[in-house]
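User: Hey, I'm new to this one. Can you walk me through it?

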Amino acid sequence: MRKFISWMTVMAVTLSFGFSSCSDNKEEGPVETAAPELLTFGFNVANNGNTLSTDYVGVISTTDHTVTVTMPAFADKSSLVANFTVGEGNKVLVNGVTQESGVTANDFTSPVDYIISNADGSKNVKYTVTIEKAANYEWSEYARYNELVPYGDNAIMKINPVDNTPYIAFVRKEKDDNNKVVVIKNENGVFNYVGSKEGESDVVTSGMMDFTISNTGTLYYIYKNKSITEPVKYPATVMSFNGSSWSNVGQPCIAELVPSKVQIGAIGSTVIAPMISNTNSGSFTKRVLYASIFNDNWTTGSLASVNINEVGLECLTTTDNAAYLYTISRTSYKYSVVEYKNGVWNSLRSDYLEEGATMAPVSMTDAASIVATNDGTVYLLTADDAETKNTKDMRFRILKYSPDSKEWTLIGGTTMASVKANETHISAKIAVAPDGTPFFAYTDYTGDKLAKVQYFDNETKQWSAPVAVSAGEASYVNISFCDNGEAYISYVSADNSIVLVKYAAKK
């Protein structure tokens, strides 16, 4: 009996120690983890290449779990890399994809849901990230150049896509008619010469010149060369800038024809130079459009295969993989649009005129404009008298071509009634912001003669009211966007100054 009681006593003591040990052991059982929480969120320049020009910090609401980031209305939001911090051990998902701060890109053109979970997945919280349009952006004069006078008041502005730097090319006007091409660029509000101030081209005939920058940042210009008289008189020459100096692209005479109009574009290292022949010479027929293309050497041919023959006006644009050419016939006064891709020309619209119109303005040389995006979407500025029945009161149309539907549509469903498309004096250009918003810049030549700009509001589906970007009379307007949503407009003022206007945050 005593042995039994002793054994029971030992067991009781053992169990007592066992329970006491379990209750004191804090390392066993469910592991406590940090609650799911988004601590910081934003977009940094370092992780977003040329898309952004400054860092943007999001405002996080812990009550309704939203994040609001304000940035330029027209910045490209289709592929942004976010920087964020979360609670210790938290996991982050978007559409089931694990997110890594500073690495993973998402499309923020519409709100994006971030799912934050604790380490074991037992708890999660959804944060909705929305990018709002910045309301404090405006057009304001950025820089002014007046050292040299541009010939014919013409100056062509392009944005270098590599670093978002604006460049302007013009033919300097000299008393001895020794006119040459000069290129300047603007860095932090200061103009600098690209090459020499005197210009490194030969003498330019009648100020005839065009300028472009390739997607890799190479600068090109084409001009009618007055210094060459053989084998033809005054042919076209193309020059490029290698980072330190200008040199000819191929031979100085790129084709044995005399141009009455020149254009230039580049698809990578392939250079395209459409030219309207001004005189009959050999196999080149007067007033027919030819395209000279450089791939290690120049080759020239007509565009008859896409029904482009006698032409009075031409306008060219390029993307990373294609070129698009807008022409108006000098005999039918109808317009055509063709695409050059993979070495082949294809027609997107041939000999077209709006119903009720009698003509497209073939002499409206500084108001023809065409731009395109890498997916093959094309935006075209043209004009006609379909509404007014008056060739001296033509109205602009801004059209959009969809590569999917193969159809052209009138943006906003209406012509641009804010300005008359006078045939010879008007200056007008279009541009497209990174988010696809079309812009229309022009000189109101029949009104106050100011440079103005409008954009198409995708929310109201209407064109905005015109905003003046010049204080006085302006001519030769250009407009172009940077990848970060900022933009530039250039024009020539009444005193022959080249003025650069920037769309950016208010100072």
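Analyst: Sure, we'll go from the overall shape to the empty spaces and then a few single residues. First, this is a predicted model, where local features need pLDDT of at least 70, side-chain atom pairs count only at pLDDT 80 or more, and totals for chains, interfaces and linings use all residues. Residues are numbered from 1 along each chain as its sequence is written, and side-chain values use heavy atoms, with hydrogens and water left out.

User: Cool. How many helices and strands are in the chain?

Analyst: The chain has 1 helix and 42 strands. Those are DSSP runs numbered from the N terminus: helices are H or I with at least four residues, strands are E with at least two.

User: And is the chain spread out or compact?

Analyst: Its radius of gyration is 31 Å, well over the 23 Å that the globule rule gives for 507 residues, so the chain is more spread out than a compact globule. That radius is taken over C-alpha atoms, and the rule is 2.2 Å times the number of residues to the power 0.38. Along its principal axes, the C-alpha trace spans about 135 × 50 × 45 Å.

User: How much of the chain is buried?

Analyst: Buried residues make up 50% of the 507. Buried means under 20% relative accessible area, exposed means over 50%, and partly exposed is in between (1.4 Å probe, protein chains only).

User: Switching topic: what's the volume of the second largest pocket?

Analyst: About 330 Å³. Among the 18 residues lining that pocket, Ala73, Lys77, Thr109, Lys133 and Asp435 are the closest to its centre. A pocket here is an open set of points on a 1 Å grid over the protein atoms alone, with protein on both sides within 12 Å along at least five of seven lines; a cavity is a set where a 1.4 Å probe fits but cannot get out, and lining residues have an atom within 4 Å of a point. Grid points are joined across faces, edges and corners, and a volume is the space filled by probe spheres set on the points.

User: Which strand gives the largest share of that pocket's lining?

Analyst: E11, with 4 residues. Strand E11 (124-133) and strand E37 (451-457) each supply at least two.

User: Any idea what cavities the search finds?

Analyst: Across the whole structure there is 1 cavity of 30 Å³ or more. The largest cavity has a volume of about 40 Å³, and its lining includes Val181, Val182, Val183, Tyr221 and Trp246. Strand E15 (residues 181-187) gives the largest share of that lining, 3 residues.

User: OK, single residues now. Where is threonine 40, and what does threonine 40 contact?

Analyst: Threonine 40 is in strand E1 (residues 38-43). Apart from neighbours within four places in sequence, threonine 40 is in contact (heavy atoms within 4.5 Å) with Ile60, Asn83, Phe84 and Thr85. Threonine 40 and threonine 85 are 45 residues apart in sequence and 5.2 Å apart in space, C-alpha to C-alpha.

User: What kind of peptide bond joins glutamate 230 and proline 231?

Analyst: A cis one, with omega about 5°. Proline 231 is in the loop between strand E18 (219-225) and strand E19 (236-241).

User: And what's phi at asparagine 307?

Analyst: Near 65°, a positive value in a residue other than glycine. Asparagine 307 is partly exposed, with a relative accessible area of 39%.
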